[in-house]
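Please look through the sequence and the model below. The paragraphs that follow take up charged pairs, strands, aromatic rings and a surface patch.

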Amino acid sequence: MACTIAISPDGSRLAVARFAAVEIRDAVSMKLLHRLSEFPGKVNSVEFSAGGSKVIAGSGMAGLFGQASIWTVADGRQMAVFEGHRDVMYDAVLNRNQSVLATASYDRKIILWEVATGKELRVLQGHNGAVFDLDFSPDGAMLASASADQTVKLWQVSTGVRLDTLSQPLKDKYAVKFSPDGQHVVAGGLDNRIRVWKVVSRTKPEINPLVYSRIAAEGSIIQLGFSPDGSRLISIADDQSMKLWDTTEYTQQF
C-alpha cells in the first residue's frame, strides 16, 4: 500500500507516518528534526517531492473526508491543504515539477489538483474498489493507480482518459510504480506477485503487454521502489521480507 515511511532523494532525511503526525528525521543519526502534527486521524501515506524539499502526506477520517497536505522539509511549515474525498485518503503524490497533486481514497475516486491554486482539475472514476496507491510517470503525462478491485489502471493526466486496465492481477493491488525511464510499470499486491507491463499507451488507449510475472513473497506486496538508475527494484511484503530484483529480466538478487 502507499508508503508510511519515505527517504528523501538524496538519502539524508526520513519521513515517518504516525497516528495524526509525521516525523522528519535525519537518516543517519535518526535525530528528530520536525514533527508535523494535527492531521485528522491516521496518516496513511508520506512521500518526498522529486527535489526532496517538500513532504506530501495523505490522511483523513473514515466515512467522512480525506485530506492531503504539503509541508516544507527545511522548517516543517504547512504549505497547502487539499480536501475533496468522501472517505479516508490512502495516497497523495506530486508530479515531478510539483504542479499537479493526485489523491486516492477509499471512496474509489482519484482527484487531480492544481497545486498553485488548490483548484480541483478533474476526478478520475472507473475503479470499483478503494484506490490504494498512485504514481506519476517520469514525464508527468500518465498516472498509474492500484486498487482493491484487483486492477491497475493507467490514466492520461491532461484529459483524465483511462488509457488501459492492465491484465492479469487476481487479487487486490497495493503498490504501483513506473520505472525511472517510464518504459514499464510494476505492481504488486495480495497475490504475492510482482508484475511488469511495457508502457505503450502514451497518447491513446492501447493494450500494454505483460512482460514479466514473478512470485515475490509469501505475503502481500505492500511497497515497491526503484533505484535511481532503474537497474534494481526493491519489493517489500507484509511477511516482513524484502527482496532485490535485477530489472534486466526481473530476476531476484537476494
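**Charged pairs, strands and rings**

Arg195 counts as buried because its relative accessibility is 3%, where buried means under 20% relative accessible area, exposed over 50% and partly exposed in between (1.4 Å probe, protein chains only). The model is predicted: local features need pLDDT of at least 70 and side-chain atom pairs count only at pLDDT 80 or more, while totals for chains, interfaces and linings use all residues. Residues are numbered from 1 along each chain as its sequence is written, and side-chain values use heavy atoms, with hydrogens and water left out.

The side chain of Arg195 meets that of Asp191 in a salt bridge, 2.5 Å from N to O. A salt bridge here is a side-chain nitrogen of Lys or Arg within 4 Å of a carboxyl oxygen of Asp or Glu. Asp191 is buried too, with a relative accessible area of 12%. The whole structure holds eight salt bridges. Another joins Asp246 to Arg232, with the closest N and O atoms 3.7 Å apart. Asp246 lies in strand β22 (residues 242-246) and Arg232 in strand β21 (residues 232-237), so this pair ties together parts that are 14 residues apart in sequence. Strands are DSSP runs (E, at least two residues), numbered from the N terminus. Asp246 is buried at 17% relative accessible area, whereas Arg232 is partly exposed at 30%. Arg18, Glu23, Arg25 and Arg35 are joined into one network by salt bridges that share partners. Within this network, the side chains of Arg25 and Glu23 meet at 3.0 Å, N to O, and Glu23 is buried, with 8% relative accessible area.

Next come the strands. β16, β17, β18 and β19 form, in that order, an open sheet of four strands with antiparallel pairing; two strands pair if DSSP finds at least two bridges between them. β16 (173-178) and β19 (210-215) are the edges, and each has a single partner strand, so one side of each has no neighbour in the sheet. From one strand to the next, the twist averages 15 degrees, taken between lines fitted to C-alpha atoms, with angles running from 0 to 180 degrees between N-to-C directions. Strand β18 (residues 193-198) is joined to β19 by five bridges, and Arg193 has Ile215 as its bridge partner in β19.

Strands β10 (residues 110-114) and β11 (residues 120-124) are also antiparallel, paired over four bridges. Ile111 stands opposite Val123 in β11. Five residues lie between the strands of this hairpin, in which Gly118 takes a positive phi near 80 degrees.

The search for aromatic pairs finds six. Rings of Phe, Tyr and Trp (its six-membered ring) pair if their centres lie within 6.5 Å; planes under 30 degrees apart count as stacked, over 60 as edge-to-face and the rest as tilted. Phe132 and Tyr174 are edge-to-face, at 5.3 Å centre to centre and 75 degrees between the planes. Phe132 is in strand β12 (residues 131-136) and Tyr174 in strand β16, 42 residues apart. Both Phe132 and Tyr174 are buried. Ring pairs link these two with Tyr90 and Tyr106 into a cluster.

Finally, Ile234, Met242 and Phe254 make a nonpolar surface patch of about 300 Å². Patch residues have over 30% relative accessible area and no salt bridge; like charges are joined within 9 Å, nonpolar side chains (Val, Leu, Ile, Met, Phe, Trp, Tyr) within 5 Å. Areas come from the Shrake-Rupley method with a 1.4 Å probe, and for residues only the protein chains shown count as cover. Phe254 sits in the segment after β23 (251-252) and counts as exposed at 52% relative accessibility.
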